[in-house]
Amino acid sequence: KKKQAEMDKQRAVFEKGAAERGVDARTATHIFDLMDKFAGYGFNRSHSAAYALVSYQTLWLKAHYPAAFMAAVLSADMDNTDKVVTLIDECRAMRLAVLPPAVNRSRFRFTVADERTVVYGIGAIKGVGESAIEAMLQAREEGGPFRDLWDFCRRIDLHKANRRVLEALVRAGALDELGENRATLMERLPMAVKLAEQHKESQAAGQVDLFGGVADAGALEPDPQLAGRVWDEWEEEERLQGEKETLGLYLTGHPVNRVDAEIDALTGLRIGPLLTTTKGRGEREQRTVAGLVVAVRHGKTQRGPMASLTLDDRTGRMEVAVFSELYEQVRELLAVDRMLAITGTLSFDDYRDSWSLRASEVRTLEQAREAAADHLLLRLSLDDPATYEGGTALIRGIREALAPFRGGRLPVQVEYRQPAACARLLLGEEWRVQPTEELLKRLRHLLGNEAVAVSYQRFEPPRAPAVREPDPRPRLAAVG
């Protein structure tokens with residue numbers, strides 16, 4: 001039973017019994033050594049042969065039918081979110097496309113769209129039960145694809161798929177085809193459910209017309225004003241968080257994507273290239289890595305508490321160890337879904353057969369940004385006359401966005417363009433800011449994503465062309 005202490009006790013009993021029966025001591029020791037080794041882990045040859053056959057078969061299927069194989073494996077473990085996350089990562093490593101769940105495309109289990117595409121199973125969405133899914137699929141088979149949110153709510157069984165289930169479907173992206181965006185779907189959902197319930201009540205009542213016939217209780221139409229309104233889509237952070245809550249992973253994007261340029265500037269080399277280009281095992285050098293914490297394990301050593309993190313920057317993953325004194329200082333930062341920049345000593349871990357980092361400094365991305373960035377750049381273009389007319393209001397909006405974050409160390413530069421001029425302006429010392437995510441979000445909402453950038457390079461203004469001084473010596477006129 002893999003209990004070494006118990007095996008050690010039995011060794012003396014075995015050797016004594018062997019000696020009493022006249023067995024040579026070396027032979028007895030050799031026999032027990034074999035049993036001791038087998039107790040660690042072992043099984044008989046028929047078991048080994050069966051494992052080898054199954055391994056060969058599954059490897060063949062994975063090589064020749066990758067999408068179908070991964071869909072089957074995902075379906076087998078679809079109730080285990082941690083395994084689903086790992087298997088989706090494997091799909092990406094195999095260069096397989098994974099389509100989000102969709103009520104007009106998906107089935108209960110994972111399926112395939114073609115040889116290189118896996119379709120997400122609705123049954124893997126948290127908070128959506130099997131009976132609700134069966135009701136949706138039955139309605140789709142009987143009446144064809146759902147046209148919009150109103151049609152969907154009217155045709156499904158709302159006793160099995162209640163509002164909480166429908167909200168989970170929206171956050172998971174399973175209803176994306178039925179509306180303009182997820183924010184709009186979520187806002188329309190209460191009215192869609194109410195109209196669907198009224199429709200079903202009218203059908204159940206069997207409305208009768210003046211001539212005694214049964215009236216056609218047709219579909220109730222939504223208020224045109226409400227149906228025609230479109231809400232702004234959620235911020236990417238909110239949209240991805242909805243996927244994480246319902247699917248267990250970020251499927252249509254990743255939080256790291258929006259800070260790719262900053263991670264490149266902070267680290268110089270991303271995790272993937274770092275792991276493939278680092279020379280020789282045992283090399284110990286200081287490195288900085290940055291990314292999203294996807295796993296945290298707390299533990300203890302002889303020197304005190306510690307934590308082991310898995311950091312993901314979308315090019316690769318790295319294990320990071322945080323020990324004793326540093327652990328106590330940064331413990332609150334060590335959480336899943338936190339964006340961190342970590343500096344430490346790179347070394348090869350023989351136990352895991354991979355590189356790891358022993359942390360000497362742990363900072364949030366915001367802290368690293370404020371320490372390393374050179375300036376915050378705002379691109380303000382008033383080339384368009386219509387925009388130029390509203391320039392005063394736009395500048396007032398920038399001032400109001402910056403004001404709550406003043407008092408930091410990061411300078412703010414404005415790249416100003418208008419029909420008659422172009423200039424780079426440096427705001428005064430009193431307008432240095434703390435470059436938090438909230439500030440960047442406000443500015444991007446006001447100016448657009450491309451108009452706001454954290455720059456890690458010093459801006460060097462172009463030099464004016466040299467002016468040649470006039471020659472003081474008198475010139476002689478040429479005589480022709």
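The following exercises, each with a worked solution, cover selected features of a predicted model.

Residues are numbered from 1 along each chain as its sequence is written. In this predicted model, local features need pLDDT of at least 70, side-chain atom pairs count only at pLDDT 80 or more, and totals for chains, interfaces and linings use all residues, while side-chain values use heavy atoms, with hydrogens and water left out.

**Exercise 1. A helix and its buried residues**

Task: Find which residues of helix α18 are buried, and state where they lie around the helix axis.

Solution:
- Step 1. Helices (H or I, at least four residues) and strands (E, at least two) are DSSP runs, numbered from the N terminus. Helix α18 covers residues 437-447.
- Step 2. Buried means under 20% relative accessible area, exposed means over 50%, and partly exposed lies in between, with a 1.4 Å probe and protein chains only. In α18, Leu439, Leu440, Leu443 and Leu447 are buried.
- Step 3. Seen down the axis of α18, the buried residues fall within an arc of 95°, so they line one face of the helix. The arc is taken from the directions that lead from the helix axis to the C-beta atoms.
- Step 4. After α18 comes Gly448, with a positive phi near 105°.

**Exercise 2. An open sheet**

Task: Give the strand order of the open sheet of four strands, and explain which strands stand at the edges.

Solution:
- Step 1. Strands of a sheet pair through backbone hydrogen bonds, either parallel or antiparallel. Two strands count as paired if DSSP finds at least two bridges between them.
- Step 2. The order is β12-β11-β9-β13, and the pairing is mixed.
- Step 3. The edges are held by β12 (421-426) and β13 (452-455); each has a single partner strand, so one side of each is left without a neighbour in the sheet.
- Step 4. On average, neighbouring strands of this sheet are turned by 20° against each other, direction ignored. Axes are lines fitted to C-alpha atoms, for helices over the stretch in contact, and angles run from 0 to 180 degrees between N-to-C directions.
- Step 5. Strand β11 (residues 412-418) and β12 run antiparallel and are joined by six bridges. Gln413 has Leu426 in β12 as its bridge partner.

**Exercise 3. The surroundings of Ser356**

Task: Locate Ser356 and list its contacts, leaving aside neighbours within four places in sequence.

Solution:
- Step 1. Ser356 belongs to strand β8 (residues 354-364).
- Step 2. The relative accessible area of Ser356 is 15%, and the residue is buried.
- Step 3. Contact means heavy atoms within 4.5 Å. With those sequence neighbours set aside, Ser356 touches Met318, Glu319, Thr345, Leu346, Ser347 and Asp349.

**Exercise 4. Salt bridges**

Task: State how many salt bridges the structure holds, and work through some of them.

Solution:
- Step 1. A salt bridge is a side-chain nitrogen of Lys or Arg within 4 Å of a carboxyl oxygen of Asp or Glu. The structure holds 37 of them.
- Step 2. One of them joins the side chains of Glu141 and Arg107, at 3.1 Å from N to O. This pair links distant parts of the chain, 34 residues apart: Glu141 is in helix α6 (residues 130-143), and Arg107 is in the loop between β1 (97-99) and β2 (111-114).
- Step 3. Glu141 is exposed at 57% relative accessibility, whereas Arg107 is partly exposed at 36%.
- Step 4. Glu285 and Arg287 also form a salt bridge, with the closest N and O atoms 3.0 Å apart. Glu285 is partly exposed at 22%, and Arg287 is partly exposed at 26%.
- Step 5. Salt bridges that share partners join Asp176, Arg182, Glu236, Arg239 and Glu243 into one network. Asp176 and Arg182 meet at 3.0 Å, N to O. Asp176 is partly exposed at 33%, but Arg182 is buried at 3%.

**Exercise 5. Positive phi and cysteines**

Task: Place Ser324 and Asp337 in the structure, then count the disulfides.

Solution:
- Step 1. Most residues other than glycine have a negative phi.
- Step 2. Ser324 has a positive phi, near 25°. Ser324 lies in helix α14 (residues 324-330) and is partly exposed at 27%.
- Step 3. Asp337 has a positive phi near 75°. Asp337 sits in the loop between α14 and β7 (339-349) and is partly exposed at 30%.
- Step 4. A disulfide is a pair of cysteine sulfur atoms within 2.5 Å. The count by this rule is zero.
- Step 5. Cys91 is buried at 0% relative accessible area, and Cys153 is buried at 0%.
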